[in-house]
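Visitor: I should like to take a close look at a single part of this model. Could you describe that part in detail, together with its surroundings?

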Amino acid sequence: MTSPNNESPPVAAALSDVSDVPLAASPPAASTAGRTPSRVVSRQVVVGIALFAAVVGAAGGFFAKPAPPQETRFLNFDPESTPAEALVGGWSNFESDPGNGNTFAWCANQNCSLRLQVRPEGDIVIRARVSAFGFPDAPQQALSVFVNGTPVGTQPVVGEMKIATFKAPRAVWHAGPNDVRLNFVYAVSPKSKFPNAEDARTLAAALDWFELASPPP
Ligand SMILES: [Ca+2]
């Protein structure tokens, strides 16, 4: 598609072509009746071109400077507020706890990834409220976080919702979409561990929310 900017030179040329039209020499409005038809037409053409140029200029400005995308600073793992493009891979459906209404999603893989829009202005603290899928004799579950491929820490994850915190320095972020990967020690299906379970998803941990926060002052 042709960029609107490519249309600017002809418009500019058209304006310069008509810049010699003697607008200042036109008779005052009170004596319009005395104008020759050709001069009236010229003025209409100039006004029309000026309007067209204004519209094209506005459109050019719009396309040249798109509004920056909104930052993805908080994911609640619910269908109402969580942007679908943020949950890239490994995630199961949004669910809610019937006891307290908390929304969450299982990371149903050893690796789950997020794509978050960020305009980093400094270090960022990653906080996640997370609970491990547990079963008898399970190994210690743990969450390792990688930002754009760089590890920023590992925290243990237990069988109840707890907040895990990771410090991600400014250097690992870039403006725009950032790849954040959550890596767990294991992902196991309830069906393989409990006799009456039918859930065949391989579950690592459930996330209630995920946040990018500013470090405390
Ligand atoms: Ca939630």
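Guide: What follows is an account of one strand, its partners and its surroundings.

The model is predicted; local features are reported only at a pLDDT of at least 70 and side-chain atom pairs only at 80 or more, whereas totals for chains, interfaces and linings take in all residues. Numbering starts from 1 in each chain and follows its sequence as written. Mean pLDDT, the predictor's confidence in each residue on a scale from 0 to 100, is 82 for the chain, and 70% of the residues score at least 70. Over residues 1–37 the value stays under 50.

The chain contains 3 helices and 11 strands; these are DSSP runs numbered from the N terminus, helices being H or I runs of at least four residues and strands E runs of at least two. In order from the N terminus, the elements are α-α-β-β-β-β-β-β-β-β-β-β-α-β.

The part chosen here is strand E4. Of its 5 residues, 4 are buried, so E4 is largely enclosed by the rest of the structure. A residue counts as buried when 20 or more other C-beta atoms lie within 10 Å of its own, as exposed when there are 12 or fewer, and as partly exposed in between, with C-beta atoms placed from the backbone. In the chain of 217 residues, 21% are buried.

E4 pairs with strand E3 (residues 91–96) in the antiparallel sense, over 4 bridges; strands are said to pair if DSSP finds at least two bridges between them. Among the bridge partners, Phe94 is matched with Ala105 of E4, and Glu95 with Phe104 of E4. The two strands form a hairpin with 6 residues between them, and Gly101 in the turn has a positive phi of about 80°.

E4 also pairs with E11, again in the antiparallel sense, over 3 bridges. Here Cys107 has Ala205 of E11 as its bridge partner. E11 spans residues 205–213 and includes Trp209. The C-alpha atoms of Trp209 and Phe104 are 7.0 Å apart in space, although 105 residues separate the two in sequence. Trp209 is partly exposed because it has 19 other C-beta atoms within 10 Å. Beyond four places in sequence, Trp209 is in contact (C-beta atoms, placed from the backbone, within 7 Å) with Phe74, Leu75, Asn76, Phe77 and Arg129.

Cys107 and Ala205 also appear in the largest nonpolar core, a set of 38 residues in which Cys107, Val130, Leu143, Ala205 and Leu207 touch the most other members. Two or more core residues come from each of E4 (103–107), strand E5 (111–118), E6, E7, strand E9 (162–168), strand E10 (176–184) and E11. Such a core is a set of buried Ala, Val, Leu, Ile, Met, Phe, Trp, Tyr and Cys residues joined through C-beta atoms within 7 Å. Leaving aside neighbours within four places in sequence, the contacts of Leu143 include Val130 and Ala205, as well as Ala164, Leu182 and Phe184. In the chain, 68% of the contacts with a separation of 6 or more join residues 24 or more positions apart.

Notes: Contact = placed C-beta atoms within 7 Å.
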